[in-house]
Amino acid sequence: NDRDRPRRDLAGKNLEHVNPATADFSGADLRGSNLRHATLKETTLDDADLSEADLTLDNLGGASLRGASLVDATLEAADLRGADLRGADLSRARMA
C-alpha cells in the first residue's frame, strides 16, 4: 500500500546531474530541490512534491508524473516528450 510507504524527504537537496535510471520516487518530497540537468527518463514521480524545484534542462522523457505537484517549478528547456502529466499541478510553472 502506497500510503504505508515512508515519504522520501529530499526537499532542498542538490541533485544536479543525477541519473537514477528508472527509479521510483513516488510521493517523494523534492520541494525546492536542484535537479538541473538531471536524467529522469522513465522515472516514476507519481504524487511527488516538486514545488519550486529547478528542473532546467532535465530529460523527463517517458517519466510518470501523475498527480505530481510542480507548482512554481522551473522546467525551462526540459524534455517532457512522452511524460505522463495526468493530474499534475503545473500552476505557475516556468516552461519558457
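## Core and salt bridges

L45 touches F25, S26, L30, L40, L60, S64, L65 and A68, leaving aside residues up to four places away in sequence. Contact here means heavy atoms within 4.5 Å. This is a predicted model, where local features need pLDDT of at least 70, side-chain atom pairs count only at pLDDT 80 or more, and totals for chains, interfaces and linings use all residues. Residues are numbered from 1 along each chain as its sequence is written, and side-chain values use heavy atoms, with hydrogens and water left out.

L45 also belongs to the largest nonpolar core. That core has 23 residues. L45, L50, L55 and L65 have the most contacts inside it. A nonpolar core is a set of buried Ala, Val, Leu, Ile, Met, Phe, Trp, Tyr and Cys residues joined through side-chain atoms within 4.5 Å. Buried means under 20% relative accessible area, exposed over 50%, and partly exposed in between (1.4 Å probe, protein chains only).

Now the charged side chains. Side chains of opposite charge can pair when their charged atoms come close. A salt bridge is a side-chain nitrogen of Lys or Arg within 4 Å of a carboxyl oxygen of Asp or Glu. The count comes to seven salt bridges. The table gives three of them.

| Salt bridge | Closest N to O |
|---|---|
| D72 and R92 | 3.0 Å |
| D79 and R81 | 2.8 Å |
| D84 and R86 | 2.7 Å |

R92 is exposed, at 57% relative accessibility. R81 is exposed too, at 65%. In the third pair, D84 is buried at 16% relative accessibility, whereas R86 is exposed at 55%. Elsewhere, a network of salt bridges links D29, R31 and D49.
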